[in-house]
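Q: I am new to this structure and would like a close look at one part of it. Please take me through that part slowly and link it to what lies around it.

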Amino acid sequence: MSTRRRNKDLILKGRRGGQDLNTDLEIEKRYPILNTYVNALSMDESVEAIEKIIKRGIPTQHVVVNALKINLMKDDKQLRKIVNICPLINADGASIVWAAKKLGIPLKERVTGIDLFENLIKLANDKGYKIYLFGAKEEVVVKLKNMFEEQYPNLQIVGYRNGYFTEADEPEIVKDMAESGADMMFVAFSSPKKEYWVNKYLKQLNIPFVMGVGGSFDVMTGVTNRAPIWMQNHGLEWFYRFIQEPRRLWKRYIIGNCQFVKYTYTYKKHAKKER
């Protein structure tokens, strides 16, 4: 199948896409990019789309994509399937913005997971949506809960739990979440664990909007530091993280970013040949 035909099929599937219960949910400006999709929405447009999801009331998984996730999805078909059926996919990494430009995709801006998370907490405070916090260490999630309640006086946190548990604990955990009455849940696991876990229990959770936020709980509570604004604005947030933990992150950022760049140029080259 040609790249043009494949992209057309991806766009059609993307417009129809979503989990089994989301086939009638359409979010505009959805484009195929590499092995996935991206919704070319601004931050405000993304928040508006999420509010529609919440009001609709059907359990929906949200994801963001970056170079790491694209690389993981190349070899992990199940992860690719989970991500691609999500009706809203935001561009978390500067790498996605760069690739979109190279591939002619009109991506407006980077919508990072942590910034979207913060905007949704503000939305919940203003509109009365109930939230559930899930993940990180006990002291971190408790600290975050307390911080949010102090900063946002109208925020309703109807549940929270740390991210340390066994498989045997999961039925009780899911039951507590399902009975919480939450409108939004934020899951602070790393990839691909959070994508797999949410997908596994999405229908049972009975929560309209479930979003993976990675290490956001740690960043917000000061356990780890986020890059300065100027580095964020210049697409260097990855480098800031790398210099903090070079031994642990060199493979992810140095090797991984090189693989992502190569993948983008290879994809672009093949697309040109098949036009």
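Which element gives the largest share of the lining of the largest cavity?

A: The largest share of that lining, four residues, comes from strand S3. Before following S3 further, it helps to place the cavity in the whole model, which is a predicted one. The protein has 275 residues, of which 51% are buried, and its secondary structure comes to 13 helices and eight strands. Among contacts with a separation of 6 or more, 75% are made by residues 24 or more positions apart. Confidence has a mean pLDDT of 87, with 85% of the residues at 70 or more. Over residues 1-23, however, the pLDDT is below 50, although this stretch has 46 contacts in the model beyond near neighbours in sequence.

Now to the cavity itself. Rolling a probe the size of a water molecule over the atoms shows where empty space is left. For this model the count comes to one cavity of 30 Å³ or more, and the volume of the largest cavity is about 50 Å³. Its lining is made up of Gln61, His62, Val63, Val64, Lys69, Lys194, Glu195, Val198, Val210 and Gly212. Two or more of these residues come from each of strand S3 (60-65), helix H9 (193-205) and strand S8 (209-212). By character, the lining divides into four nonpolar, three polar and three charged residues.

The two strands named in the lining are also partners, since S3 and S8 pair in the parallel sense over three bridges. One point of this pairing is His62, whose bridge partner in S8 is Met211; His62 is also one of the residues that line the cavity. In a regular strand the side chains alternate between the two faces of the sheet. Along S8, Phe209 and Met211 point one way while Val210 and Gly212 point the other way, and all of them are buried. Val210 and Gly212 are the pair that also appears in the cavity lining.

From S8 the picture extends to another strand, S7 (residues 184-188), which pairs with S8 in the parallel sense over four bridges. Two positions show how they are set against each other: Met185 stands opposite Val210 in S8, and Val187 stands opposite Gly212 in S8. Both of these S8 residues, Val210 and Gly212, belong to the lining already described. S7 is largely enclosed by the rest of the structure, because five of its five residues are buried. Both of its faces are covered, with Met184, Phe186 and Ala188 buried on one side and Met185 and Val187 buried on the other.

S7 has a further partner in strand S5 (residues 130-135), and these two strands pair in the parallel sense over five bridges. Here Phe134 stands opposite Val187 in S7, and Val187 is the residue that also stands opposite Gly212 in S8. Following the pairings from the cavity outward therefore leads from S3 to S8, from S8 to S7 and from S7 to S5, with the enclosure of S7 seen in its buried residues.

The loops that join these elements have details of their own. Pro192 lies in the loop between S7 and H9, and a cis peptide bond joins Ser191 to Pro192, with omega at about 5°. On the other side of the helix, Asn206 is found in the loop between H9 and S8, where Asn206 has a positive phi of about 60° although it is not a glycine. H9 is one of the elements that give two or more residues to the cavity lining.

Another loop residue has a positive phi as well: Leu34, at about 55°, is not a glycine either. Leu34 lies in the loop between strand S1 (30-33) and strand S2 (36-39), and Leu34 is buried, with a relative accessible area of 5%. Leu34 is also among the residues touched by Thr264, together with Trp98, Ala99, Lys102 and Leu103, when residues up to four places away in sequence are not counted. Thr264 has its place in helix H13 (residues 246-273), and Thr264 is buried, with a relative accessible area of 0%.

Terms used:
Residues numbered from 1 in each chain as written. Predicted model: local features only at pLDDT ≥ 70, side-chain atom pairs only at ≥ 80, totals over all residues. Heavy atoms only, no water. 1 Å grid on protein atoms, 1.4 Å probe; cavity = no way out; pocket = protein on both sides within 12 Å on 5 of 7 lines; lining within 4 Å. Points joined across faces, edges and corners; volume = space filled by probe spheres on them. Nonpolar A, V, L, I, M, F, W, Y, C, P; charged D, E, K, R; others polar. pLDDT = per-residue confidence, 0-100. Contact = heavy atoms within 4.5 Å. Buried < 20%, exposed > 50% of the residue type's maximum accessible area, 1.4 Å probe, protein only. Pairing = 2+ DSSP bridges.
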